[in-house]
Amino acid sequence: MSDDEIILKDLNDDDLIEQMKDDLYDGMAKEVHEGTQILIDRGWDANLILSDALVEGMRIVGIDFRDGILFVPEVLQCADAMKSGMGLLRPILAESENSASTGTYVIGTVKGDIHDIGKNLVGMMLEGAGFEVIDLGINNPIENYLEAIDKHRPNILGMSALLTTTMPYMGVVIEELDKRGILKELPVMVGGAPLNQEFADAINATSYGRDAAMSAELAKALVGKNS
Ligand code: B1M
């Protein structure tokens, strides 16, 4: 057992959460992983660990990235640290109450955009809601979506974008789906930090997912399996 482990384990919940946010900020993947495990062992709800420690930690990173205090290489390390915690939460969030599949959901980040943390979270929540999730990864041109629709015959297509410069591409994909007659049969969900309901309406998306938990609920409703 390392000294770091002993210190983290000795912290009370509030101090541990604060320490995890600091560790995430410093890109310390091993420590964030360990803190996440400690909170799981203490009986914390996976959604709370996500929101209070990991997402909140990344929100602070986002502010300092915007303000030029953190740069891309550092933020990449923060992302790795966040993913190390998410990896532990994934099986818990993905535990489905139903053995039957809720449906198939194809998800991908749009062309020009390499942000994938939010998309991955949405994917985890969808798995937890019983969806089979086909993850196309990042930087997807329209061809990738069309190919996946053809191959997997999903119940829903989801697109994620984190940049104001890449979000309009969602509209391009939706327009093409409409031209091909696919849109009337395939609901399209869009999400990502710079989006809002008005934008989703403007590009003719079927629904807008504000966050991962809400997106899973919306997806269930779209396939008529909301509880
Ligand atoms: Co980027 N980046 N980044 N970045 N980055 C932002 C988005 C930015 C807001 C930072 C800032 O300035 N404050 C800014 C965008 C500004 C703008 O567009 N107006 C920005 C910029 C500018 C850039 C670069 C251009 C920087 C540069 O190179 N100069 C560059 C672009 C690269 C590219 O994509 N072509 C870049 C690069 C990077 C990194 C590679 C370093 C890294 C990404 C690592 C990775 O994802 N693997 C990174 C990161 C980490 C961020 C911030 C700090 C954090 C994003 C994140 O993971 N948030 C971000 C600042 C911020 O958003 N506050 C920032 C946590 C995540 C859980 O939230 O992704 O919002 P989010 O997902 C949520 C919801 O949005 C929603 O549910 C999720 C969970 O609740 N959601 C969906 C997301 N997708 C959904 C899909 C759905 C439904 C809901 O349905 C399908």
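Is Asn120 buried or exposed? In this predicted model, Asn120 counts as buried, because its relative accessible area is 16% and the cut-off for burial is under 20%. Asn120 belongs to helix H6. Its C-alpha atom lies 9.7 Å from that of Thr109. In sequence, Asn120 and Thr109 are 11 residues apart.

The ligand comes next. Its space is the largest pocket. Six elements each supply two or more residues to the surrounding shell. Four of these elements are helices: H4 (46-66), H5 (72-93), H6 (117-128) and H10 (212-222). The other two are strands, S3 (156-160) and S4 (188-191). Helix H5 contributes the most, with five residues. Helix H6, which holds Asn120, is also on this list.

In total, 35 residues surround the ligand. The nearest are Gly112, Ile114, His115, Asp116 and Ser160. By residue class, the shell splits into 18 nonpolar, 11 polar and six charged residues.

Polar contacts to the ligand involve both side-chain and backbone atoms. His115 uses its side chain: an N or O atom there is 2.8 Å from a nitrogen atom of the ligand. His115 is also among the residues that come nearest to the ligand. Thr164 uses its backbone, where an N or O atom lies 2.9 Å from a ligand oxygen. Ala193 also presents a polar backbone atom, at 3.2 Å from an oxygen atom of the ligand.

Ala193 sits in the loop that runs between S4 and H9. With the protein chains alone considered, Ala193 is exposed, at a relative accessible area of 65%. This value lies over the 50% cut-off for exposure. Ala193 and Met125 are separated by 68 residues in sequence. Their C-alpha atoms are 17 Å apart in space.

Aromatic pairing was searched across the whole structure, and one pair was found. The partners are Tyr105 and Phe131. Their geometry is edge-to-face, with ring centres 6.0 Å apart and an angle of 85° between the planes. Tyr105 is part of strand S1 (residues 103-109), and Phe131 is part of strand S2 (residues 131-135), so the pair ties together parts that lie 26 residues apart in sequence. Both partners are buried.

Helix H5 also holds Ser84. This serine counts as buried, because its relative accessibility is 17%. The side chain of Ser84 makes a polar contact with the backbone oxygen of Ala29, at 2.9 Å. Ser84 thus adds a side-chain-to-backbone contact within the protein.

Ala46 lies in helix H4, another of the elements listed for the ligand shell. Ala46 is buried, with a relative accessible area of 7%. Its C-alpha atom is separated from that of Ile92 by 6.9 Å. Along the chain, Ala46 and Ile92 are 46 residues apart.

Two loop residues other than glycine have positive phi values. One is Arg153, with phi near 45°. Arg153 is placed in the loop between helix H7 (142-152) and S3. Arg153 counts as exposed, because its relative accessibility is 60%. The other is Asn204, with a phi of about 70°. Its loop connects helix H9 (197-202) and strand S5 (207-209). Asn204 is partly exposed, at a relative accessible area of 46%.

Glu18 offers a long-range distance. Glu18 is found in helix H2 (residues 13-25). Its relative accessibility is 43%, so Glu18 counts as partly exposed. The C-alpha atoms of Glu18 and Glu185 are separated by 46 Å. These two residues are 167 positions apart along the chain.

How values were computed
Residues are numbered from 1 along each chain as its sequence is written. This is a predicted model: local features need pLDDT of at least 70, side-chain atom pairs count only at pLDDT 80 or more; totals for chains, interfaces and linings use all residues. Side-chain values use heavy atoms; hydrogens and water are left out. A residue is near a molecule or strand if one of its heavy atoms lies within 4 Å of it. A polar contact is a pair of N or O atoms within 3.5 Å; within protein, one must be able to donate a hydrogen and the other to accept it, and residues adjacent in sequence count only if both atoms are side-chain atoms. On a 1 Å grid over the protein atoms alone, a cavity is a set of points where a 1.4 Å probe fits but cannot get out, and a pocket is an open set with protein on both sides within 12 Å along at least five of seven lines; lining residues have an atom within 4 Å of a point. A molecule sits in a cavity or pocket if more than half of its atoms lie within 2 Å of its grid points. Helices (H or I, at least four residues) and strands (E, at least two) are DSSP runs, numbered from the N terminus. Ala, Val, Leu, Ile, Met, Phe, Trp, Tyr, Cys and Pro count as nonpolar, Asp, Glu, Lys and Arg as charged, and the others, Gly among them, as polar. Rings of Phe, Tyr and Trp (its six-membered ring) pair if their centres lie within 6.5 Å; planes under 30 degrees apart count as stacked, over 60 as edge-to-face and the rest as tilted. Buried means under 20% relative accessible area, exposed over 50%, partly exposed in between (1.4 Å probe, protein chains only).
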